[in-house]
Amino acid sequence: MKQNEEDPTYCRSVSLEKSKFDLHLQLLAIQIPQELCRVITRILQGYLLDRPRVKPVVQDPSNEKARLLILSESIKDPGLFEVPADKLEAIKELCDVKVVPYSLVLGYMYWTADHILREILPPGVEVPSSFETIGHIAHLNICGDLLPYKHVIARVIFDKNQPKIKTVVNKVGTISNEFRVPSFEILEGEENLVTEVKQYGATFRLDYGLVYWNSRLEHEHKRLVSQFQPGQIICDMFSGVGPFAIPAAQRGCHVFANDLNPASANYLRINAELNKVKGKIFIHNMDARDFMHHLMVRRVNEPDLGGHFEECQTSNLELLKSSGISLVDEKLSYNHECSAVELKNGNGRVPGENVPESIETLVGDTIVESGKWSRGSMEDITKIESSKRSKRKEKGGTETTCTEISKSKTWEHLDHVVMNLPASALEFLDVFQGLFSRSYWKGPMPWIHCYCFMRSNETEELIIKRAETALLSKIEDPIIHRVRDVAPNKAMLCLSFRLPEAAAFKDDKISTNFECQDDEIRNINSEALLKRPRTDMGLVSTSNPV
């Protein structure tokens, strides 16, 4: 919500009086015919007004066929004695030289945000140097000594970046939810966090208050996706709204994307439609470990959804209901390609496979309406989906699953696995222990791209050893790419490697006595890694990702 003077951090000692920034300049100008404007401008080069964002040539208000050339602030005498005589003679050969007074006011909108903030903030207070732009939203990160001035800072940022910026927000507190989405306060502008972002030919629609997005990772998205080849199978374990998945699908890849946050999965579905890659992306909404086990289930026949559809749909809706959130139907049509499926013995699941009891994908053709969550009825959504399913059956159609559309046998081959959850992705590497079956797998092992953080007192070797400990296997020829510095003592890395066969195949014996040389790593209990319990939502860390 937008804050006001009742906010305890609101600072009454700093106000924004725009008239105080008015600078009145009394200048001289030369009146010339408009057809000679370009020639005389060249002659007077170096003697015209030189102010950023101010043109020295303006329309003469007294004569529509004439122009005024505004002279430099250093020229004070109407006789133009400061201008070299040869330049004046050259002008006089072209036309009569008429010098007139000219008044110029440089107001609030002329000055930069940095200049204004330096003028109004108390001495010693650091002026914010930048902010993140997400569509029409400016995201500030104001904290500490700047908090009392957050409203005036937001107002200046808003004024100086119109019309592109329509909303200014500030992050509040630390991330404490399982969906790694910060809480925001709207400091200035529209109370609308639904926006669109364009990156390298792709359009992403999102609600910044409900999903995670980081515009500073644009070049990293391009770097990694450029390594994918058309026709490859990509697995995105923490997909968000699709910054990796959408470009990969545009590149001709088959993408299996998953996110725990129902809102993220929902917007990924919308973005697949917006970018015309709907048939290339198969969306899931579940725990990342369950998602990987789901992809490794060998389907001998397509499951009959039957009553299982309602059961899984209700499960996903209950997740939203427990958070006090519901989705509302909007006037956009999306084919329900990835219906929820519960795989049980005799119904598409190979006996003995380690697969979760229920599998969920995004439910319903539902999206966020006007950037706000409706408090509407969950039962209405269930009825809508049941009605759509019944109509399709009446027309002779069948419920469509991700497997039927993709024809990709993920239990036989994956090319790349993206793990973009830097705060805890290393801890999720244990999902690959015995995940694959040698009886079904074909081709080389997939590339794993695991994002993580490294502090100043840590080394790249330590990061690799942590990954090896989670896999209980040695990584051959790892590649570490430094993505960006997220803080003075903290960097974001991408660790890429071929998944070791010794870790991946369930019929290979995994050594629980994997040797680690580093003292810090040696303290990690391998058995605990194998049996690590998950939280209710499947995440083991709620640290703030960047």
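**Strand 12 and its neighbours**

Okay, so four bridges link strand 11 (residues 233–236) to strand 12, and these two run parallel. Quick vocabulary: helices (H or I, at least four residues) and strands (E, at least two) are DSSP runs, numbered from the N terminus, and two strands pair if DSSP finds at least two bridges between them.

Keep in mind that this is a predicted model, where local features need pLDDT of at least 70, side-chain atom pairs count only at pLDDT 80 or more, and totals for chains, interfaces and linings use all residues. Residues are numbered from 1 along each chain as its sequence is written, and side-chain values use heavy atoms, with hydrogens and water left out.

Back to the pairing: Asp 236 has Ala 257 in strand 12 as its bridge partner. To get from strand 11 to strand 12, the chain passes through helix 6 (residues 245–250), and this β-α-β crossover is right-handed; that is, with the strands pointing away from you, the path from the first strand over the helix to the second runs clockwise.

On to strand 13 (residues 281–284): four bridges join it to strand 12, again in parallel. Ala 257 sits opposite Ile 283 there.

So how many residues of strand 12 are buried? Five of the five, so the strand is largely enclosed by the rest of the structure. Buried means under 20% relative accessible area, exposed over 50%, partly exposed in between (1.4 Å probe, protein chains only).

Last one: Phe 291, in helix 8 (residues 288–295). Phe 291 is buried, at 0% relative accessible area. Beyond its neighbours within four places in sequence, its contacts (heavy atoms within 4.5 Å) include Asp 236, Phe 256 and Ala 257.
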